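Some words used for a structure rest on a value and a cut-off. The questions below go through a few of them.

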Amino acid sequence: MTPGADSLDKGGIQIFKAEFNKILSFHDEVRSNFQREVSRINAELGERVSLSEQEKADLEARRDLYTKTFEPYLRINTFLMMVSHLEEWLFHTRKQHATTTELLEAKGSIGRFKPVLKEIGVDLSCSKPWMFLKGCQDIRSCLLHANGRVSLNRNPEKIHNFVLQHSEKMEIETDRLVLTGEFLRYFQEAVEQLVETGNSLQD
């Protein structure tokens, strides 16, 4: 269950972190199940010498389904849930502390809240977490509206540049975005730094 506005306002950071960590725990739990199945398949491929060529091919195809399809899908869906959780906090912050502040609707799902954060005193001028999160809103948009295909995005070059800056966390393969587990952890850290700053200024 997601905390209400009062919880986010008072209880603030610890409740937000707990809820945010549940998303990562969900990712880790599901991925662990995937890995167990992959290990089982590898063991069967290694131990059962009597397997026919078709049986081997079927097992290898199932293994690839976990490693090349299910795991990337899991990372994408985890990321999208994390973005939604961040947006919820931003909406609550506006409702509680900057009701009359206008959003910059043309600046993306996260960037539109810049005036709200400024209103509560968050200095975004040199904020690395904020810059990373702003870049991530383009990643979110590409995943949601173009199924991760970069060339179909409104500004492919912008995404290419962002991916290049963070090549250890994501990449582009055959025109599609590929997120890593490291990307999720880094996104989590950036969000928590931003929220901690916002909550400390609200206290």
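Q: Why are H5 and H6 called oblique to each other?
A: In this predicted model, the axes of helix H5 (residues 128–146) and helix H6 (residues 156–165) come within 10 Å and cross at roughly 125°. Angles of 65 to 115 degrees count as roughly perpendicular and those over 145 as roughly antiparallel, and the crossing at roughly 125° fits neither class, so H5 and H6 are oblique to each other.

Q: Which residues of H5 and H6 make the contact?
A: From H5 come Phe132, Gly135, Cys136, Asp138, Ile139 and Cys142, and from H6 come Lys158, Ile159, Phe162 and Val163. These residues divide into 7 nonpolar, 1 polar and 2 charged.

Q: What makes the pair Arg40 and Glu44 a salt bridge?
A: The side chains of Arg40 and Glu44 meet at 3.0 Å, N to O, and a salt bridge needs such atoms within 4 Å, so the pair qualifies. Arg40 and Glu44 are 4 residues apart in helix H1 (residues 5–47), and therefore about one helical turn separates them.

Q: Why does Glu44 count as buried or exposed?
A: Glu44 has 17% relative accessibility, and buried means under 20%, so Glu44 counts as buried.

Q: Why does Arg48 count as partly exposed?
A: Its relative accessibility is 37%, and partly exposed lies between the 20% limit for buried and the 50% limit for exposed, so Arg48 belongs in that class. Arg48 also forms a salt bridge with Glu44, with the closest N and O atoms 2.6 Å apart.

Technical notes: Residues are numbered from 1 along each chain as its sequence is written. This is a predicted model: local features need pLDDT of at least 70, side-chain atom pairs count only at pLDDT 80 or more; totals for chains, interfaces and linings use all residues. Side-chain values use heavy atoms; hydrogens and water are left out. Axes are lines fitted to C-alpha atoms, for helices over the stretch in contact, and angles run from 0 to 180 degrees between N-to-C directions. Helices (H or I, at least four residues) and strands (E, at least two) are DSSP runs, numbered from the N terminus. Angles under 35 degrees count as roughly parallel, over 145 as roughly antiparallel, 65 to 115 as roughly perpendicular and the rest as oblique. Contact means heavy atoms within 4.5 Å. Ala, Val, Leu, Ile, Met, Phe, Trp, Tyr, Cys and Pro count as nonpolar, Asp, Glu, Lys and Arg as charged, and the others, Gly among them, as polar. Buried means under 20% relative accessible area, exposed over 50%, partly exposed in between (1.4 Å probe, protein chains only).
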